[in-house]
Each structure stands twice: as structure tokens, then as C-alpha cells.
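Me: I am new to this structure and should like to understand the reasoning behind the terms applied to it. Please take me through them.

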Amino acid sequence: MTTPVTSQVAAIQMVSTRDIEANLQEARRLLQVAAGRGASVAVLPENFAVLSTHQMVDCGRTEAGSEAVIRSFLAAQAKALGIWIVGGSLPLAVRPDGSEIPDRVRASCLVFDDDGREVARYDKIHLFDAMVEDAHGQYRESDTFEPGDQVVTVDTPAGRLGLAICYDLRFPELFRELRAREAEWVCLPSAFTWQTGDAHWHALIRARAIENQVWVVAAGQGGQNSERRRTYGHSLICDPWGQVVTEHAEGPGVVVAELDRDHLGELRRRMPVWEHRRL
């Protein structure tokens, strides 16, 4: 694929709930905003269509869930708007090889091109099992999700994209492998808790961008999603020098920035840290 040296990319922030239909209507509205602002690629947040742990398995397995509604929604929006869509994450009950997952689902990020074709799938590798000092308390994604095991990159109009989801941000070896596979930018659909986001969101994103010399496009959930769950938001786009070029703090919104591939190439030439590795 021949890609332009610059391309507009959008990170979409939502405050998703248990209501799939309402979430999809909001995603449609925000995707239209992103397309109207010139984005060639739009990134949705983690769990954009449903943010309820108890619904995940049913959503991934029922005809009214991800296969019939959410997956087709993403394809239809990409084609209608003429943009690429990185579909945050949605629960899928089958592995990439087609085998069924017993009892659990995978948190899958699907990428659709501007003709509505599914061109990539990444299944979240690192699952969030942690204690957090919030109203929710304990998070155990492994009770609901099966981890993925494949590192994924895909060529897009904005350059080669490396796929990651939320908790993956804490594992630099994944981002190292994405850079080894020639990623120029990395997306991060997320639903960070308010507490962990306030402590680590900006520091981790800037570190991953700086050490791998990649753009990071982080699309988050940002608000009071339920009585017990508040997400951090602060969806942003960070350049490969570690500078946050645009950010949306809380509530639904869209941020758009131009990913300059010439700037990226010049930075990598001037400071060739990749060639300086010794371990």
C-alpha cells in the first residue's frame, strides 16, 4: 500500500453503558464527527458497544450481540463514511482460526478499511486482574476473557499500525515487537479506571511513544459508565518525541491530529535508538 506522508487520524472518546443500541448510536455520531474533520482513520475506545462485564459472554455468543450487530455496524460505518475504523474492542466467542472458545470470549480489536472489509484482528494479550481502590474494587478480566497470543500490525492510510488494547500499555515488550514489525503508529483503545489513569496514563503513553519512536493514538472511555465504574478518559494523540499534541479530558468527544511520516522518519534518522540496542 502506498500511503501519504501525512494523514489525519482521530481518537474517539465515549462513556459507554450497558445499552448496546444507545452506545452504537453515540459511536455513529462521533464517527461522523471524525470523518467530517478529515480523519482517514478513526479509533474507537475499548468496549465501545457495551461496558458491562456480566454482558460480555452473552454479547459475544448471541445473535443480538457482537457477530450480528457490532461487527456489521463497524463494517457499515466504515463504508458509509469512507474511512478506516479501528473498532476498539468487542467480545468474540471464536478464535482467529475459527475454533470456539468454551465459557469465555476474547477482547478483539477489528480493523475495517474504507470499503467496509475487515482487514485485521487483534485479541488482547494482557488481561487486567488487579485490585483498584474504587467502587468496583476487584477487576478479573481472566474470568470472562481468554487472552490472545498474536502480535498484529496492518498497513493503513496513516502508515503501518500496531494494535494494542488498554492493559497492554504496561508491557513494553509488546510495543518493542510492534516496532520490530515496522509499526509507525500504535493505537490503544482503552477503559482505564480513573485511579490507574490518573496515576499512570500519560507517563506510560509518553514512554511507549518515546522509546519506540512511534505515534500513539489512545482512545479511551471517559466518565461515569455505571454506579460503580468511572473511567479516566483523556483520549489523546502523542507524537514520537513524547509530546501530547491533542487531548480530550472527560465526556464524549473526538480529537484529531496529523500523523507526519516524514517527521517520524527524520526523528528516527537523527536519533537511531533502534540501531543502538545492545540487549
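**Reasons behind the terms**

Reply: The model is a predicted one. A suitable place to begin is the pairing of strand β10 (residues 159-163) with β11, which is parallel and comprises three bridges.

Me: What makes β10 and β11 a pair of strands?

Reply: Two strands pair if at least two bridges are found between them. β10 and β11 have three bridges, so they satisfy the rule of at least two. One link is given by L161, whose bridge partner in β11 is W185.

Me: How do you know that β11 also pairs with β12?

Reply: The same rule is applied here: at least two bridges are needed. Six bridges join β11 to strand β12 (residues 215-220), and the two run parallel. W185 takes part here too, with W215 as its bridge partner in β12.

Me: Why is β11 called mostly covered?

Reply: A residue is buried when its relative accessible area is under 20%. In strand β11 (residues 185-190), six of the six residues are buried. On one side these are W185, C187 and P189, and on the other V186, L188 and S190, so that both faces of the strand are covered.

Me: Which elements make right-handed β-α-β units with β11?

Reply: One unit is made by β10, helix α4 (residues 172-180) and β11. Another consists of β11, helix α5 (residues 194-212) and β12. The term right-handed applies because, with the strands pointing away from the viewer, the path from the first strand over the helix to the second runs clockwise.

Me: What is the order of the strands in the open sheet, and why are β9 and β16 said to stand at its edges?

Reply: The open sheet has six strands in the order β9-β10-β11-β12-β15-β16, with mixed pairing. β9 (153-156) and β16 (244-248) each have a single partner strand, so one side of each is left without a neighbour in the sheet. On average, neighbouring strands of this sheet are turned by 20 degrees against each other, direction ignored.

Me: What makes the pairing mixed?

Reply: β10 and β11 pair in the parallel sense, whereas strand β15 (residues 235-238) and β16 pair in the antiparallel sense over four bridges. In the latter pair, T246 of β16 is the bridge partner of I237.

Me: How do you know that α4 and α5 pack on the sheet?

Reply: Contact requires heavy atoms within 4.5 Å. Helix α4 touches β9, β10 and β11, and its direction makes about 145 degrees with that of β11. Helix α5 touches β11, β12, β15 and β16, and its direction makes about 25 degrees with that of β15.

Me: Why is the contact between R117 and D113 called a salt bridge?

Reply: The rule asks for a side-chain nitrogen of Lys or Arg within 4 Å of a carboxyl oxygen of Asp or Glu. For R117 and D113 the distance from N to O is 2.8 Å, so the pair meets the limit of 4 Å. By this rule the count comes to 19 salt bridges.

Me: Are R117 and D113 buried or exposed?

Reply: R117 is exposed, since its relative accessible area is 51% and the limit is over 50%. D113, at 3%, is buried, because the limit for that term is under 20%.

Me: What makes E141 and K124 a link between distant parts of the chain?

Reply: E141 forms a salt bridge with K124, and their closest N and O atoms are 3.0 Å apart. E141 is in the loop between β8 (138-140) and β9, while K124 is in the loop between β6 (118-123) and β7 (129-131), 17 residues apart. Both residues, E141 and K124, are buried.

Me: Where is C166, and what is particular about its phi?

Reply: C166 is in the loop between β10 and α4. Its phi is near 45 degrees, a positive value in a residue other than glycine. Most residues other than glycine have a negative phi. C166 counts as buried at 8% relative accessibility, because the limit is under 20%.

Me: Why is E182 called exposed?

Reply: E182 has a relative accessibility of 54% and therefore counts as exposed, the limit being over 50%. E182 is in the loop between α4 and β11, and its phi is near 70 degrees, which is also positive.

How values were computed
Residues numbered from 1 in each chain as written. Predicted model: local features only at pLDDT ≥ 70, side-chain atom pairs only at ≥ 80, totals over all residues. Heavy atoms only, no water. Buried < 20%, exposed > 50% of the residue type's maximum accessible area, 1.4 Å probe, protein only. Axes fitted to C-alpha atoms, helices over the stretch in contact; angles between N-to-C directions.
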